Amino acid sequence: MVPKVVFGQGSFDQLSSILAPQRKDKAPFIFLVDDVFKSNKELIDRINPRFNDKIVFISADEEPKTSQVDQIVKEIKTEFTYKPSGIIGIGGGTILDLAKAVSIMLTNKGSAADYQGWDLVKSKAIYHVGVPTISGTGAEVSRTTVLSGPVRKLGINSDFTPFDQVILDPDLTIGVPKNQWFYTGMDCFIHCVESLNGTFLNAFSQSYGEKAYDLCKEIFVDNVLSDEESRGKLMMASWHGGMSIAYSQVGVAHAMSYGLSYVLGTKHGVGNCIVFDHLEEFYPKDVILFKEMVKSHGIEIPKHLCANLTDNQLNTMIDIALSLVPLWENALGDNWETIITRDKLKTLYLKM
Ligand code: NAD
Ligand code: ZN
């Protein structure tokens, strides 16, 4: 779990005082910042870099890759003699995952791809801090960092992955475009649905999942909150949704969305929405609710993505989805292979 967290409007201003005691002589803090903030002077000033600290702007147009992590680590090692005092990720799930992975790879040998899987990381990561600027993924709280590698899209799941500190300032999410707000918010909703309807469910996951699910309904269904209340509540929904899957698993939507992402580069939030829209067979009442939310917020869910796929692409998509065994076990139980065949996945993908 994340051992330290601050929450509240304006709490981002505590960043410098939170970092100060962690500073080691001559060792910089490296800030990995979503480049959407590159010309946001107000935010950059509040980061307040000192000494040899460095701000690196990173585009979130593509989701993180193992090769990108390796490259950032190489650049840091080339530029600085001392290992950084800390890595601070400021952005959405893309940047938060990069920050987690970079902090791990600064203390572990080889490529990030070597550590995709469960509990493969040997050494403790560099001190790392997460500052989310969009809510929903739960990446700020989870013990994984999801990366596309040479052979698969899979997380580095380990006890060293979670942030040492998180700063939750809902005001940082002001300015998120509406579609993106919905897609990433639905990632949280889908985490709850998949956790609460999974066979891995237990009291720990259920307690967080139910809370996050209710918050999502307040935000996306009831439509009675002020923008300010809604930002704060979505930030906490994301946190609880992440905690819920920490002790269970995600399910059908995530397995299939990973396939879309690997072959077509479809981003996580929108990919989950594209898939979830067709999963009434697995999650009947929540898919109905989802469709209502899409309609009431006037959101476009992309269609016909898979219409022109080659057989090869479709097969890769199916391979990737099927390789995520724990997700299927959670969703459908031990006999999942009798329910979710290659043909079944093909039919579903072709609808998307
Ligand atoms: P993102 O980080 O990809 O960002 C989406 C878009 O929103 C980007 O264009 C970004 O620039 C923009 N944006 C972010 N904050 C903004 C702001 N305040 N104002 C304006 N624009 C802003 O989106 P995401 O949905 O948060 O993250 C998706 C990633 O998270 C995927 O790579 C996925 O694999 C990962 N993920 C990780 C976990 C985990 O537990 N580690 C869980 C779910 C998803
Ligand atoms: Zn997700």
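Here are some exercises with worked solutions on this predicted model.

**Exercise 1. The zinc site**

Task: Find which protein atoms are donors of the zinc ion (ligand 2), and work out why their arrangement is irregular.

Solution:
- Start with the donors themselves. The zinc ion (ligand 2) is held by D187 through OD, and by H191, H254 and H268 through NE2. These donor atoms lie 2.1 to 2.2 Å from the zinc ion.
- Next, turn to the angles. The 4 donor atoms subtend angles of 90 to 169 degrees around the zinc ion. Four donors count as tetrahedral only if all angles lie between 85 and 135 degrees. The angles reach 169 degrees, and the arrangement is therefore irregular.
- Now place the donors along the chain, where their spacing reads D-x3-H-x62-H-x13-H. D187 belongs to helix α5 (residues 178-196) and H254 to helix α8 (residues 252-264), so this pair ties together parts that are 67 residues apart in sequence.
- Finish with accessibility. D187 is buried at a relative accessible area of 1%, and H254 is buried at 2%.

**Exercise 2. A residue beside the donors**

Task: Locate N272, decide whether N272 is buried or exposed, and list its contacts beyond four places in sequence.

Solution:
- Look in helix α9 (residues 268-276), where N272 is found.
- Check the accessibility: N272 has a relative accessible area of 0%; buried means under 20%, so N272 is buried.
- Then list the contacts. Outside its neighbours within four places in sequence, N272 touches D187, I190, A253, H254 and S257. Two names in that list, D187 and H254, are also donors of the zinc ion (ligand 2).

**Exercise 3. The nonpolar cores**

Task: Say which residues of the largest nonpolar core touch the most other members, and which element gives the largest share of this core.

Solution:
- The largest nonpolar core has 61 residues, and those touching the most other members are F182, F189, M256, F276, L279, W328 and Y349.
- The element with the largest share of this core is α5, with 8 residues.
- Take L279 as an example. Apart from neighbours within four places in sequence, L279 is in contact with V252, A253, M256 and V287.
- There is also a second, separate core of 34 residues, with I30, L32, I58 and A125 among them.

**Exercise 4. A pocket and a proline**

Task: Describe the second largest pocket by its volume, then trace what P170 is in contact with.

Solution:
- Begin with the volume, which is about 320 Å³ for the second largest pocket.
- Move on to the lining. It is made by 17 residues, and the closest to the pocket centre are W181, I219, D227, S230 and R231. Helix α7 (residues 227-246) supplies the largest share of the lining, 4 residues.
- Follow R231 to P170: the two C-alpha atoms are separated by 5.5 Å, although the residues are 61 apart along the chain.
- Place P170 in the loop between β9 (165-168) and α5. P170 is buried, with a relative accessible area of 4%.
- Beyond four places in sequence, P170 is in contact with F7, G8, Q9, R231, G232 and M235.

**Exercise 5. Two loop residues**

Task: For P150 and S142, determine whether each is buried or exposed, and name the contacts of each.

Solution:
- P150 sits in the loop between β7 (146-148) and β8 (153-157). With 62% relative accessibility, P150 counts as exposed.
- The contacts of P150, leaving out neighbours within four places in sequence, are T66, A113 and Y262. From P150 to A113 the C-alpha distance is 7.4 Å, across 37 residues in sequence.
- S142 lies in the loop between β6 (128-132) and β7. Its relative accessible area is 12%, so S142 is buried.
- With neighbours within four places left aside, S142 is in contact with K100 and P162.

**Exercise 6. Backbone angles**

Task: What is notable about the phi of N48 and of F51?

Solution:
- Recall the general pattern: most residues other than glycine have a negative phi.
- Read the two values. N48 has a positive phi of about 55 degrees without being a glycine, and F51, likewise not a glycine, has a positive phi of about 45 degrees.
- Locate them: N48 is in the loop between α2 (41-47) and β3 (54-58), and F51 is in the loop between α2 and β3.
- Close with accessibility. N48 is partly exposed at 37%, whereas F51 is exposed at 68%.

Methods:
Residues are numbered from 1 along each chain as its sequence is written. Chains are lettered from A and ligands numbered from 1 in the order in which they are written. This is a predicted model: local features need pLDDT of at least 70, side-chain atom pairs count only at pLDDT 80 or more; totals for chains, interfaces and linings use all residues. Side-chain values use heavy atoms; hydrogens and water are left out. Donors are N, O and S atoms within 2.8 Å of the metal (3.2 Å for Na, K and Ca); water is not among the atoms, so sites may look incomplete. Four donors count as tetrahedral if all angles lie between 85 and 135 degrees; four count as square planar and six as octahedral if opposite donors are over 155 degrees apart and all others between 65 and 115; anything else is irregular. Helices (H or I, at least four residues) and strands (E, at least two) are DSSP runs, numbered from the N terminus. Buried means under 20% relative accessible area, exposed over 50%, partly exposed in between (1.4 Å probe, protein chains only). A nonpolar core is a set of buried Ala, Val, Leu, Ile, Met, Phe, Trp, Tyr and Cys residues joined through side-chain atoms within 4.5 Å. Contact means heavy atoms within 4.5 Å. On a 1 Å grid over the protein atoms alone, a cavity is a set of points where a 1.4 Å probe fits but cannot get out, and a pocket is an open set with protein on both sides within 12 Å along at least five of seven lines; lining residues have an atom within 4 Å of a point. Grid points are joined across faces, edges and corners, and a volume is the space filled by probe spheres set on the points.
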